[in-house]
Structure formats: C-alpha cells, structure tokens
Amino acid sequence: MSLSVQDVQKQINHMMAFIEQEANEKAEEIDAKAEEEFNIEKSSLVQQQRMKLAEIFEKKEKEVELRKKIHSSNMLNQARLELLKVRENYVQQLKEKCRASLVTVTKNEEHYSVLLKNLILYGLYQVIESNVTLKVREQDKEIIERQLPSIETTYKQKIGRDITLSIDKTKFLPSDSKGGVILLACNGRIKIDNTLEARLD
C-alpha cells in the first residue's frame, strides 16, 4: 500500500518535530550542564579569591603589627637611652660635687684619721697577706703611723693572723691628691687602690 503525499508529509513533519524536540531537550541539558559547571567554576574561583584576599589581609595585618612592635621597641630603646644619658649626667655631676667636697674631708683630722684606718682595714681584708706596704701622701704619713698599732690589732682580732704594715717613704702619693691609701703586697704584684678618688669612681 503506497502512502499518499500527505501521509509522507505528515510523517516527515512528525519526524522533524521529534528531532526538534530531542534537539531542544539536548540543548537544554547542555545549557543546564554548562550552567552547573559555570556555577561550580565560579564558586571555586570566588573561594580562591576569598582565600587569596584573606591571606593578603592576614599578611598586611602581620606587617602592620610588626611595624607597630618595631616602632614601639625603637621608642622604648630611645627612652631608655635618654634615661641612661640623664642618669649618667646626674652621676657625673654628683661625682664632680663629691670630688670638690673631698678637699674638706682631710681638713678634719679626727674624722680623716678614722677614715684612713677603715680604708686600710678594708684593703687588708681583700689582700690577706702578712706583709703589706702602704703608699700615702707625705702629709698623711704621721696620721697613719699613729694608727698602725691599732690597725694591726684590729686585723688580728678579725682575721686571726699577724700582719706587718710599713709605709713607703721613698715614693709618696701626689700631695695634691685628695687623700686615701694604696696597699701593695707581694712586691707590688697585688695592689688595692683605696685613694679617695678611686673610691669615688
């Protein structure tokens, strides 16, 4: 049985409609898949950018924090240096005042005699030798000579050993020095400087 032209046309139209429907469905499927892949890729890119931005912000925050710490440390060090400078200046001024006042120390013979005795004993306790030579100013020689027996007795009471003290009469301390004493033992190998200038430093 042969088909009429109308039947053939109808079948062709039906096939074309079917093909078009399938094509539309396939196109929709492709669009949906493309949209899904696009959204996934977009989400991934957005997440990556967010992470990059978070890293950048974190790095910037750390840099700012580090700069703050460095600045704070520099300011603190500067303040400490200023404080040390002020303190050093004050100490120097105080030393100068003390040096100026040392002149009056030796004028009161009674007090100066006690001071010399204590300076000698303090040096002897450091030396711990049986023979010690004292280097003094020539103007202090007689004061110290009067003190020697008392110093030797006090030393023996404290240390439990005899000691022989002598004054170096060949070379005195400068007469314009502030006073005090230098102790020498073991042929000068041991030296304790208890002059007033040295004690001040």
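## A guided tour of the predicted model

Begin by selecting Lys 169, which at 52% relative accessibility counts as exposed because the cut-off for that class is over 50%. Keep in mind throughout that the model on screen is a predicted one.

**Stop 1: Lys 169 and its partner**

With Lys 169 still highlighted, add Glu 145 to the selection, since the two residues form a salt bridge whose closest N and O atoms are 3.3 Å apart. This pair links distant parts of the chain, with Lys 169 in the loop between β2 and β3 (180-185) and Glu 145 in helix α3, 24 residues apart. Glu 145, for its part, has a relative accessible area of 30% and is therefore partly exposed. Now add Lys 141 as well, and you have the three residues, Lys 141, Glu 145 and Lys 169, that salt bridges with shared partners join into one network.

**Stop 2: from helix α3 to helix α2**

Next, select Arg 146 together with Glu 109, which form another salt bridge, here with the closest N and O atoms 2.8 Å apart. Arg 146 belongs to helix α3 and Glu 109 to helix α2 (residues 109-127), so the bridge ties together parts of the chain that are 37 residues apart in sequence. As for their surroundings, Arg 146 counts as exposed at 52% relative accessibility, while Glu 109, with a relative accessible area of 43%, is partly exposed. In the whole model, the count of salt bridges comes to 7.

**Stop 3: the loop that holds Asp 162**

Move on to Asp 162, which you will find in the loop between α3 (141-159) and β2 (164-167). Its side chain meets that of Lys 156 in a salt bridge, at 2.9 Å from N to O. Asp 162 counts as exposed at 54% relative accessibility, and Lys 156 counts as partly exposed at 42%. If you set aside the neighbours of Asp 162 within four places in sequence, the residues in contact with it are Ser 130 and Lys 156. Before leaving, draw a distance from the C-alpha atom of Asp 162 to that of Lys 69: the two residues are 93 apart along the chain, and these atoms are separated by 63 Å.

**Stop 4: two patches on the surface**

Now turn to helix α1, which covers residues 5-105 and includes Glu 22. Which residues form the negative surface patch that Glu 22 belongs to? Select Glu 22, Glu 25, Glu 28, Glu 29, Asp 31 and Glu 35 to display it. Within this patch, Glu 22 has 44% relative accessibility and so counts as partly exposed.

For a patch of another kind, select Val 8, Ile 12 and Met 16, which make a nonpolar surface patch of about 250 Å². Met 16 also lies in helix α1, and at 52% relative accessibility this residue counts as exposed.

**Stop 5: inside strand β4**

Leave the surface patches and select Asn 194, a residue of strand β4 (residues 190-195). Is Asn 194 buried or exposed? Its relative accessibility is 2%, and because anything under 20% is classed as buried, Asn 194 counts as buried. To see what surrounds this residue, show its contacts while leaving aside the neighbours within four places in sequence: they are Leu 119, Tyr 122, Gly 123, Gly 180, Val 181, Ile 182, Leu 183 and Arg 199.

**Stop 6: two backbone angles to check**

The tour ends with the backbone. Most residues other than glycine have a negative phi. Select Ile 128, however, and you reach a residue with a positive phi of about 50°, although it is not a glycine. Ile 128 is found in the loop between α2 and β1 (131-135), and with 31% relative accessibility this residue counts as partly exposed.

Then select Asn 187, where phi is near 55°, again a positive value in a residue other than glycine. Asn 187 is found in the loop between β3 and β4, and its relative accessible area of 78% is why this residue is classed as exposed.

Definitions and conventions: Residues are numbered from 1 along each chain as its sequence is written. This is a predicted model: local features need pLDDT of at least 70, side-chain atom pairs count only at pLDDT 80 or more; totals for chains, interfaces and linings use all residues. Side-chain values use heavy atoms; hydrogens and water are left out. Patches are made of residues with over 30% relative accessible area and no salt bridge: like charges are joined within 9 Å, nonpolar side chains (Val, Leu, Ile, Met, Phe, Trp, Tyr) within 5 Å. Accessible areas come from the Shrake-Rupley method with a 1.4 Å probe; for residues, only the protein chains shown count as cover. A salt bridge is a side-chain nitrogen of Lys or Arg within 4 Å of a carboxyl oxygen of Asp or Glu. Lys and Arg count as positive and Asp and Glu as negative; His and the chain ends are not counted. The place of a charge is taken as NZ of Lys, CZ of Arg, CG of Asp or CD of Glu. Helices (H or I, at least four residues) and strands (E, at least two) are DSSP runs, numbered from the N terminus. Buried means under 20% relative accessible area, exposed over 50%, partly exposed in between (1.4 Å probe, protein chains only). Contact means heavy atoms within 4.5 Å.
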